[in-house]
Amino acid sequence: MRGRPVPLRAVAALFLERQHLARPRAAALTARRLGRFVEDVGGLQLDSINVLERAHYLTVWSRFGAYDRARLDRLAYRRRLLFEYWAHAACLVPTSMLPWWRRAMLDYRIRHTGWSDWLRRNAQVLARVKAAVERNGPMGNADFDGRRPPGGGGWWSWRPVQHALHYLWMTGALTVHSRWHFQKRFDLLERAMPDAFGVEAVSAEEFQRWHLERSLHAMGAATEADLSRYLTFPRFGPGARRATLRSMHERGEVTEIEVDGTPGRWLALTRDLPALARAGRAPAPSHGTTLLSPFDSLLWHRGRAARVFGFDYRIEVYTPGPKRVHGYYVLPILHHGHLIGRLDAKAHRVERRLEVRHVHFEPWFASAQVSPAGWGRVDQDEALAGLAEALGSLAAFVGAAEVEIGRVTPRRLRAPLVRSGFCAPDPVA
């Protein structure tokens with residue numbers, strides 16, 4: 001396929017398909033669909049910010065619409081369809097992929113030499129924390145607060161305990177058993193996941209090939225920069241990554257391609273070349289409207305979002321208020337494969353109200369111009385109606401009985417957006 005450029009829209013369409021955004025909120029959540037989704041994208045990112053909804057709950061809503069959060073928790077923490085580990089930041093990852101993540105756990109003991117001094121100085125803390133979890137069952141940071149460890153030696157110090165729990169989790173001695181008010185509770189891996197503890201880890205070489213294969217699968221086609229910023233753990237140096245890609249190329253597993261209108265070297269899994277060709281013939285990159293969490297896997301690499309969708313996005317939750325451009329918790333608006341704008345939202349749970357503080361449409365959309373990705377114009381009325389319906393679904397999901405629209409940029413689009421109405425479906429699908 002080298003020498004026959006692939007249209008950028010084909011890359012975008014396959015990316016959206018792999019991210020389960022080809023027809024967002026068109027199918028209800030099931031265990032099978034959830035498992036397939038997380039396998040395809042590689043991980044479901046967790047984050048503690050709760051101004052609207054936890055990131056992983058919101059990411060699943062973006063694909064499946066309103067659903068019962070308790071069911072997702074049961075699938076992850078009781079049925080163990082998913083388990084927590086570090087993939088792109090802290091994530092829920094598929095238990096079906098444990099043989100590969102076991103290699104990461106084993107390698108963590110020796111790869112991360114920054115722990116060496118801490119482990120030497122805190123060997124007793126590490127042993128006591130593990131023994132306490134083994135003796136008492138699931139425990140979190142707070143369970144150690146103010147408790148004297150067996151054998152004396154002073155009261156627990158919170159920071160060393162936190163480090164010990166993290167190290168034991170990353171090396172696979174412990175796993176996240178459950179969460180209570182979003183606080184992790186750890187247990188022995190073999191006790192929490194008895195069927196998984198005996199899983200044999202793959203080799204280091206197999207893990208590196210799998211790591212790149214998973215990222216390429218999730219993105220459809222990618223540059224080396226994309227690969228380094230998608231599944232960001234563990235970090236492989238450029239030399240190791242290129243050596244693995246060279247090996248995969250020699251095996252015929254990876255093909256180098258050219259993408260229209262973009263510089264640099266792109267790569268795709270050889271098995272995905274027919275899918276890319278098929279995606280290039282699709283009438284639209286996707287169909288439907290949804291809102292994306294700031295921590296959505298579609299946005300893990302902001303530079304890629306800018307190249308593929310012409311959408312410059314930054315998370316502003318860590319930016320001081322006066323310096324924010326778009327708001328605190330800003331959700332990109334996806335409509336028919338185009339990122340047409342973003343909105344800052346907050347759930348007022350006691351009042352059962354969803355506040356949309358600011359909707360900011362992209363200038364090309366507001367002026368009815370061709371999208372920067374070159375996919376033609378978007379019907380404004382249809383897009384506004386789609387956004388209104390998505391806000392109604394989101395309101396139902398977060399338990400809001402009403403949607404309050406604040407500022408809209410440009411201002412002239414506020415009236416037609418409000419006129420579109422907000423029809424909230426049943427909260428559980």
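Buried here means under 20% relative accessible area, exposed means over 50%, and partly exposed is whatever falls in between, with a 1.4 Å probe and protein chains only. By that yardstick His 163 comes out as partly exposed, at a relative accessible area of 27%. The model is a predicted one, so local features need pLDDT of at least 70 and side-chain atom pairs count only at pLDDT 80 or more, while totals for chains, interfaces and linings use all residues. Residues are numbered from 1 along each chain as its sequence is written, and side-chain values use heavy atoms, with hydrogens and water left out.

On to the overall picture. The protein has 19 helices and 13 strands, taken as DSSP runs (H or I of at least four residues for helices, E of at least two for strands) and numbered from the N terminus. Its C-alpha atoms fill a box of roughly 70 × 60 × 40 Å along the principal axes. The radius of gyration is 23 Å, which agrees with the value near 22 Å for a compact globule of 429 residues; the radius is taken over C-alpha atoms, and the globule rule is 2.2 Å times the number of residues to the power 0.38. Of the 429 residues, 56% are buried. Contacts (heavy atoms within 4.5 Å) often link distant stretches of sequence: among those with a separation of 6 or more, 66% involve residues 24 or more positions apart.

Back to His 163, which sits in helix α9. Setting aside neighbours within four places in sequence, His 163 is in contact with Trp 115 and Trp 118. Gly 252 is another matter: His 163 and Gly 252 are 89 residues apart in sequence and 43 Å apart in space, C-alpha to C-alpha.

Aromatic rings come next. The structure holds 20 aromatic pairs, where rings of Phe, Tyr and Trp (its six-membered ring) pair if their centres lie within 6.5 Å; planes under 30 degrees apart are stacked, over 60 edge-to-face, and the rest tilted. One of them is the edge-to-face pair of Trp 86 and Trp 169, at 6.4 Å centre to centre with 70° between the planes. Trp 86 belongs to strand β2 (residues 82-86) and Trp 169 to helix α9 (residues 158-170), so the pair ties together parts that are 83 residues apart in sequence. Trp 86 is partly exposed at 30% relative accessible area, whereas Trp 169 is buried at 3%.

Phe 182 deals with charges instead. Arg 54 lies over its face at 4.3 Å from the ring centre, and Arg 179 also lies over the face of Phe 182, at 4.3 Å. The criterion is NZ of Lys or CZ of Arg within 6 Å of the ring centre and within 35 degrees of the ring normal.

Then there is a sheet. Five strands form an open, mixed sheet in the order β9-β10-β11-β12-β13, with strands counted as paired if DSSP finds at least two bridges between them. The edges are β9 (289-291) and β13 (402-409), each pairing on one side only. β9 and β10 (residues 330-335) pair in the antiparallel sense over 3 bridges, and Leu 291 stands opposite Ile 333 in β10.

Finally, Ser 371 lies in the loop between α17 (363-366) and α18 (380-397). Despite the loop setting, Ser 371 is buried, at 5% relative accessible area. Beyond residues up to four places away in sequence, Ser 371 touches His 338, Trp 364 and Gly 376.
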